[in-house]
Amino acid sequence: MAETEAQAQTQAQERKRVLIVMAHPDDGEFGCGGTVARWASEGYDIHYCLITDGQAGDQGDKEITSERLAEVRRHEAQAAADALGVQNPVIFLHYADSRLEPTLDLRLDVARVIRKVKPYIVICQDPTRYWSGQGYINHPDHRIAGEVTLAAIIPVAGTRLAFPELLAEGLQPHEVREVYISGTENPDRWVDIGGFLDKKVAALRAHKSQMRDWDPQEEIIKWARETANAAHKVGHTMEYAEAYKYIKRGD
């Protein structure tokens with residue numbers, strides 16, 4: 001009985017292991033910061049993987065170098081994760097900002113992280129979103145980060161012979177069971193982030209090089225309320241929400 005209970009506890013904890021894969025520092029805070037704060041408070045084991053260091057996002061600073069900006073943004077990314085309650089250090093893959101391509105090397109690098117972390121849940125960006133409305137063009141890095149992450153989940157992370165070099169590194173296949181795609185135009189899963197907006201805003205404020213003179217609080221509250229209103233239309237009751245395309249794989 002004790003062994004069965006221990007196994008059940010282990011499985012329950014495995015179901016709470018999350019990997020967030022984003023193109024740039026601050027992408028996760030905008031897309032899923034409230035969800036991360038909520039899950040962290042509920043004991044989820046959350047890991048961040050940032051593909052680039054955000055070294056092209058100077059936000060009008062004409063003096064800073066890309067090397068210095070990368071250093072600043074890595075520090076800000078860790079501070080933001082800390083503000084959300086994430087206990088694991090942020091993983092950086094150090095690809096060049098604004099130059100991402102859906103290469104096999106990048107797919108392999110993301111799959112390597114998946115096999116090391118062994119997440120039950122992965123949150124990634126939407127590879128199909130090119131624009132939104134009449135005022136927003138999606139950064140190509142966002143799309144490529146989503147495309148590569150989904151390709152890393154299937155077939156690479158879970159298929160033994162897809163990349164034998166991972167086996168040579170001692171990394172056994174791992175099956176991701178749930179995928180939450182953020183920044184999507186057609187969501188079918190909403191997370192109630194009521195009570196966690198303050199942490200989401202604090203995390204965004206940690207990205208001082210990007211926020212500069214703009215305080216995100218008013219817009220974040222507005223977006224979260226609008227997202228919750230969309231959730232109301234399909235029967236959900238919440239005041240503030242984040243939205244995702246949800247994929248469930250296997251049991």
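Student: Is Ser98 buried, partly exposed or exposed?
Tutor: In this predicted model, Ser98 sits in the loop between β3 (91-95) and α4 (104-117). Its relative accessibility is 42%. Buried would need under 20% and exposed over 50%, so Ser98 counts as partly exposed.

Student: What is the phi of Ser98?
Tutor: Good one to check in the backbone of that loop between β3 and α4. Ser98 is not a glycine, yet its phi is positive, at about 70 degrees.

Student: Which other residue, not a glycine, has a positive phi, of about 90 degrees?
Tutor: Look in the loop between β1 and α2. The residue there has a relative accessibility of 10% and counts as buried. With a positive phi of about 90 degrees, this residue is Asp26.

Student: Which residue meets the side chain of Asp26 in a salt bridge?
Tutor: Opposite charges are the place to start: side chains of opposite charge can pair when their charged atoms come close. For Asp26, the N to O distance in the salt bridge is 3.3 Å. The partner counts as buried, at 3% relative accessibility. That partner is Arg73.

Student: How many residues apart in sequence are the parts that this pair ties together?
Tutor: The salt bridge joins Asp26 and Arg73. Asp26 lies in the loop between β1 (17-22) and α2 (27-41), while Arg73 belongs to helix α3 (residues 66-84), so the pair ties together parts whose separation in sequence is 47 residues.

Student: Where do Glu71 and Arg68 lie?
Tutor: Their side chains meet in a salt bridge, 3.4 Å from N to O. Glu71 is partly exposed at 43%, and Arg68 is partly exposed at 42%. The two are three residues apart, about one turn of the helix, and both lie in helix α3.

Student: Is Arg129, which meets Glu185 in a salt bridge, buried or exposed?
Tutor: The bridge between Glu185 and Arg129 spans 3.4 Å, N to O. Glu185 lies in the loop between β7 (178-182) and β8 (189-192) and Arg129 in the loop between β4 (121-125) and β5 (131-132), so the pair ties together parts 56 residues apart in sequence. Glu185 is partly exposed, with a relative accessible area of 45%. Arg129 has 17% relative accessibility and counts as buried.

Student: How many salt bridges does a search of the whole structure find?
Tutor: The pairs we discussed include Asp26 with Arg73 and Glu185 with Arg129. There is also a network of salt bridges that links Asp109, Arg112 and Glu169. Over the whole structure, the search finds 13.

Student: Which residues does the cis peptide bond with omega of about 20 degrees join?
Tutor: Go to helix α5 (residues 140-157), where the proline of this bond lies. With omega about 20 degrees, the cis peptide bond joins Ile154 and Pro155.

Student: Which residues make the nonpolar surface patch of about 430 Å²?
Tutor: Start in the loop between β4 and β5, where you will find Tyr130. Tyr130 is partly exposed, with a relative accessible area of 46%. The patch of about 430 Å² is made by Tyr130, Trp131 and Ile137.

Student: Which element gives the most to the largest nonpolar core?
Tutor: In soluble globular proteins, nonpolar side chains tend to be buried together. Here the largest nonpolar core has 36 residues, and those with the most contacts inside it are Ile20, Val36, Ile46, Tyr48, Ile123 and Tyr180. Elements giving two or more residues to this core include β1, β2 (45-52), α9 (217-232) and β9 (241-248). With five residues, the top contributor is α2.

Student: Which residues is Ile20 in contact with, leaving aside its neighbours within four places in sequence?
Tutor: Ile20 is one of the residues with the most contacts inside the largest core. Once its neighbours within four places are set aside, its contacts are Cys32, Val36, Ile46, His47, Tyr48, Cys49 and Ile123.

Student: How many residues does the other core have?
Tutor: This core lies apart from the largest one, and among its residues are Ile51, Leu100, Ile153 and Val179. Its residue count is 29.

Student: What separates the C-alpha atoms of Asp198 and Leu108?
Tutor: Asp198 is in helix α7 (residues 197-205), and it is exposed, with a relative accessible area of 53%. Along the chain, Asp198 and Leu108 are 90 residues apart, and the separation of their C-alpha atoms is 36 Å.

Note on methods. Residues are numbered from 1 along each chain as its sequence is written. This is a predicted model: local features need pLDDT of at least 70, side-chain atom pairs count only at pLDDT 80 or more; totals for chains, interfaces and linings use all residues. Side-chain values use heavy atoms; hydrogens and water are left out. A salt bridge is a side-chain nitrogen of Lys or Arg within 4 Å of a carboxyl oxygen of Asp or Glu. Helices (H or I, at least four residues) and strands (E, at least two) are DSSP runs, numbered from the N terminus. Buried means under 20% relative accessible area, exposed over 50%, partly exposed in between (1.4 Å probe, protein chains only). Patches are made of residues with over 30% relative accessible area and no salt bridge: like charges are joined within 9 Å, nonpolar side chains (Val, Leu, Ile, Met, Phe, Trp, Tyr) within 5 Å. Accessible areas come from the Shrake-Rupley method with a 1.4 Å probe; for residues, only the protein chains shown count as cover. A nonpolar core is a set of buried Ala, Val, Leu, Ile, Met, Phe, Trp, Tyr and Cys residues joined through side-chain atoms within 4.5 Å. Contact means heavy atoms within 4.5 Å.
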